[in-house]
Every structure is written in structure tokens, then in C-alpha cells.
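The following exercises are to be worked with the sequence and the three-dimensional model at hand. Each task is followed by a solution in steps.

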Amino acid sequence: MEILSSFVQQVVAHIYELTRLIGEPSYGLAIIIMTILIKLILSPLTAKQIASTRAMSRIQPKMKELQARYKDDKVTLNQKMSELYKSEGVNPLAGCLPLLIQMPIMIGIFYGIRDFQYAGPSSFLWMQSIADPDPYYILPILSALTTFIQSKQTMPPSDNPQGKIMLYFMPLFIGYISLKFPAGLVLYWVVMNIMQIGQQFLLDRKK
């Protein structure tokens with residue numbers, strides 16, 4: 001993880017040098033550009049994960065019907081579920097591999113930006129330094145809002161009360177912890193969320 005974190009820091013530093021060469025040195029801009037590049041690289045994996053989630057949501061009613069019918073016969077239930085997956089062309093594990101690949105990358109980015117040592121001025125927009133928490137709480141609010149929108153987009157229709165609680169709790173939790181994180185890290189989170197929302201919107205329109 002340290003290798004990936006160090007790589008992320010080097011990428012930010014190099015992009016910062018590019019912004020300096022064009023006369024607009026900005027670590028905030030460097031983080032935004034890096035986030036966009038990473039999201040574009042990972043977008044095929046994200047698309048596969050979204051497609052798998054949709055497929056599982058589509059057959060959810062049939063799965064529940066089988067679970068109710070064969071609740072006392074686990075062997076038959078497993079057989080019927082396998083037949084359902086095959087007939088519907090659904091692989092229940094298809095969404096796991098893209099997630100497993102992306103998770104270490106996301107964790108490496110998190111630590112890389114959180115622990116980044118800014119070598120020059122780190123002011124950005126309304127903030128004097130993105131090495132410190134946002135003094136006006138704008139980015140924490142945006143982190144909570146974009147997390148909620150993203151969760152709302154991806155959450156399948158359900159009457160599960162636990163799912164609804166998480167829909168509201170997780171954005172509030174993200175917003176709360178963002179109050180203490182360096183603004184540069186929260187900036188990355190907000191930009192990544194916005195791009196994820198955009199990708200989800202485009203996939204929904206295509207569907």
C-alpha cells in the first residue's frame with residue numbers, strides 16, 4: 001500500500017509541476033486532474049460492477065420467490081438458484097472482481113493524498129491551504145451531498161428499512177469525518193463522486 005500511496009503522491013507532484021509550467025500552479029487543480037484520470041482508467045471496471053448490480057436487482061423478485069418456496073430445502077434451493085442465474089445470464093460474482101481490483105487503488109489514493117507533503121503554496125479557491133480542513137465547511141457539505149446522490153442512484157428499489165437508514169447515515173458520516181480531513185482529500189472525494197454520478201447517469205440513459 002505504501003508503494004501505491006507513494007506513486008499517487010508522485011503523480012500529484014508531477015501534475016502540479018505541469019500546472020506551474022503553464023503559469024497556474026495549483027495543488028487543488030493537480031488533485032482534480034489526477035482524480036479525473038484515475039476515474040477514466042477505472043471506468044470500465046465500474047461499468048461492469050454497475051451492470052452486475054443491475055442484473056442482480058432485476059432477478060431479485062425471482063430469488064425471493066425461490067427462497068420462500070425452498071426455505072426448508074437448502075440443496076434444492078441452491079440448485080434452483082444456479083438454474084436461475086444460468087437462465088438469466090447472471091453471474092453473482094461478476095461484481096466482486098472489479099470491486100476487489102478498485103479497493104486497493106482507492107485506499108492507496110486515500111493515504112497518498114491524506115499524507116501528501118505540499119512543497120509550495122497550497123491555496124485553492126476559498127481555502128488558504130488544502131493541507132488543512134476546509135474552514136467554511138463547503139467541501140464537507142459537498143462530500144455528504146454527492147455521497148447521498150451516488151447512493152440514491154445505485155440503491156435498488158427496496159422496502160428494507162436498514163437500507164434506507166444507511167442511505168441517510170452514510171452521507172452524514174462522510175460529511176462529519178470530512179470536517180477533520182485535509183481539504184485536498186475531501187476535494188478528491190467530491191470530484192470522484194461527481195464523476196461516478198455522471199457515469200451512472202450516462203449508463204442509465206443508455207439503458
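A patch is made of residues with over 30% relative accessible area and no salt bridge, where like charges are joined within 9 Å and nonpolar side chains (Val, Leu, Ile, Met, Phe, Trp, Tyr) within 5 Å. A salt bridge is a side-chain nitrogen of Lys or Arg within 4 Å of a carboxyl oxygen of Asp or Glu. Accessible areas come from the Shrake-Rupley method with a 1.4 Å probe, and for residues only the protein chains shown count as cover.

The model is predicted: local features need pLDDT of at least 70 and side-chain atom pairs pLDDT 80 or more, whereas totals for chains, interfaces and linings use all residues. Residues are numbered from 1 along each chain as its sequence is written, and side-chain values use heavy atoms, with hydrogens and water left out.

**Exercise 1.** Identify the residues that form a nonpolar patch on the surface.

Step 1. The patch consists of L125, W126, Y136, I138, L142, L145 and I149. Together they have about 650 Å² of accessible area.

Step 2. One of these residues, I138, belongs to helix α6 (residues 138-154); helices are DSSP runs of H or I with at least four residues, strands are runs of E with at least two, and both are numbered from the N terminus.

Step 3. I138 counts as partly exposed because its relative accessibility is 34%. The classes are buried (under 20% relative accessible area), exposed (over 50%) and partly exposed (in between), with a 1.4 Å probe and protein chains only.

**Exercise 2.** Determine whether T147 is buried or exposed, and list its side-chain polar contacts with W189 and N193.

Step 1. T147 also has its place in helix α6. Its relative accessibility is 6%, so T147 counts as buried.

Step 2. A polar contact is a pair of N or O atoms within 3.5 Å; within protein, one must be able to donate a hydrogen and the other to accept it, and residues adjacent in sequence count only if both atoms are side-chain atoms. The T147 side chain makes such a contact with the side chain of W189 at 3.0 Å, and another with that of N193 at 3.2 Å.

**Exercise 3.** Where does α2 bend, and by about how many degrees?

Step 1. Helix α2 covers residues 27-58, which is 32 residues.

Step 2. The bend is at S43 and comes to about 50 degrees, taken as the angle between axes fitted to the seven residues ending there and the seven starting there. A proline, P44, follows within four residues.

How values were computed. Expected span 1.5 Å × (residues − 1).
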